[in-house]
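Let's take a walk through this structure together. Have the sequence and the 3D view open, and we'll start at a helix and work our way around.

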Amino acid sequence: MRPQREYHIVVLGAGGVGKSCLTAQFVQNVWIESYDPTIEDSYRKQIEVDGRQCILEIELYMKQGQGFLLVFSITSASSLNELSELREQIIRIKDDEKVPLVIVGNKSDLEEDRAVPRARAFGLSQNWGNAPYYETSARRRANVNEVFVDLCRQIIRKDLE
Ligand code: GDP
């Protein structure tokens with residue numbers, strides 16, 4: 001068996017877009033309607049990515065992240081606008097234009113309240129050199145694993161370069 005690797009992932013985005021809920025769904029498989037962020041700010045979960053055991057250390061702050069989930073809510077255009085600034089900060093801090101990241105449009109279960117057309121998010125993704133874009137619902141646990149696996153895969157690839 002290949003050795004276990006440990007990766008640091010950071011979940012970023014405007015307040016209220018669902019960062020804590022997504023993380024809780026991924027790590028603990030629970031939907032927490034109202035999350036108290038003071039309880040804990042770091043989580044660990046082991047997953048298998050392409051036959052490789054990976055331990056993900058997930059943080060809600062930048063610290064020593066190797067991969068970043070940039071989360072907005074599809075119901076909030078301003079939350080999408082905040083991501084560009086966050087990406088610039090990450091690139092500055094990591095001193096790396098090609099830092100592994102995934103753009104996440106959360107709250108996909110609220111389609112009737114959509115304020116961000118899919119095409120706009122894809123436009124941003126293209127501007128950022130085809131950064132992967134996923135729409136998730138922490139509430140329905142839709143695409144939750146997929147975003148973490150995609151990010152983990154990017155980190156692994158970079159690790160192997
Ligand atoms: P954070 O500030 O980004 O960590 O946001 P939270 O995870 O605390 O979520 C903020 C609010 O959005 C809470 O009231 C959650 O119940 C709600 N929320 C989070 N994810 C979803 C989702 O996928 N769908 C819906 N409908 N609500 C969500």
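Start with helix α2, where Ser79, Leu80, Leu83 and Arg87 are buried. Look at the spacing of those numbers as you go. An α-helix has 3.6 residues a turn, so residues three or four places apart point the same way. And what do the buried residues of α2 pack against? They sit against β1, β4, β5 and α3.

Before going further, keep in mind that this is a predicted model. The mean pLDDT of the protein chain is 88, and 89% of its residues reach 70 or more. The model as a whole scores ipTM 0.99 and pTM 0.84. Where pLDDT is low, the predicted coordinates should not be read in detail.

Back to α2, which covers residues 77–94. Does its length fit what you'd expect from a helix, and what is the distance between its end C-alpha atoms? At 1.5 Å a residue, the 18 residues should span 26 Å, and the end C-alpha atoms are 27 Å apart, which agrees. Step just past the end of α2 and you meet Asp95, with a positive phi of about 55 degrees.

Now zoom out for the overall plan. The protein chain has four helices and six strands. Reading from the N terminus, their order is β-α-β-β-β-α-β-α-β-α. Of the 161 residues in the protein chain, 36% are buried. Contacts often reach across the sequence, too: taking those with a separation of 6 or more, 71% are between residues 24 or more positions apart.

With that order in mind, look at how the strands line up. Strand β1 (residues 5–13) runs parallel to β3, and six bridges join the two. One spot to find here is Tyr7, whose bridge partner in β3 is Leu56. β1 also runs parallel to strand β4 (residues 67–73), this time with five bridges. There, Gly13 has Val71 of β4 as its bridge partner.

From β4, move over to β5. These two strands pair in the parallel sense over six bridges. Along this pairing, Val71 stands opposite Val104 in β5, and Ser73 stands opposite Asn106. Helix α2, where we began, belongs to this part of the picture: β4, α2 and β5 make a right-handed β-α-β unit. The next step follows a similar pattern, with β5, α3 and β6 making a right-handed β-α-β unit. Three bridges join β5 to strand β6 (residues 133–135), and these strands run parallel. Val104 turns up again here, standing opposite Tyr134 in β6.

How buried or exposed are these strands? Take β4: seven of its seven residues are buried. In a regular strand the side chains alternate between the two faces of the sheet. In β4, both faces are covered, with Gly67, Leu69, Val71 and Ser73 buried on one side and Phe68, Leu70 and Phe72 buried on the other. As for β5, six of its six residues are buried, so this strand is largely enclosed by the rest of the structure. Its two faces are covered as well: Leu101, Ile103 and Gly105 lie on one side, and Val102, Val104 and Asn106 on the other.

That brings us to the nonpolar core. The largest one has 35 residues, and Leu69, Leu70 and Val71 have the most contacts inside it. Elements giving two or more residues to this core include β1, β3, β4 and β5 among the strands, along with the helices α1, α2, α3 and α4. Which element gives the largest share? That is α4, with six residues.

Val71 deserves a closer look. Leaving out residues up to four places away in sequence, Val71 touches Val11, Leu12, Gly13, Val17, Gly18, Lys19, Leu22, Val104 and Asn106. You've already seen two of those as partners: Gly13 from β1 and Val104 from β5.

Finish with a contrast by finding Ile55 in strand β3 (residues 52–59). Why does Ile55 count as partly exposed? It has 14 C-beta neighbours inside 10 Å, while a buried residue needs 20 or more. Ile55 and Val104 are 49 residues apart in sequence, and their C-alpha atoms are 21 Å apart in space.

Notes: Residues numbered from 1 in each chain as written. Predicted model: local features only at pLDDT ≥ 70, side-chain atom pairs only at ≥ 80, totals over all residues. Buried ≥ 20, exposed ≤ 12 C-beta atoms within 10 Å, placed from the backbone. Pairing = 2+ DSSP bridges. Core = buried A, V, L, I, M, F, W, Y, C linked by C-beta atoms within 7 Å. Contact = placed C-beta atoms within 7 Å. Right-handed = clockwise from strand over helix to strand, strands pointing away. Expected span 1.5 Å × (residues − 1). pLDDT = per-residue confidence, 0-100.
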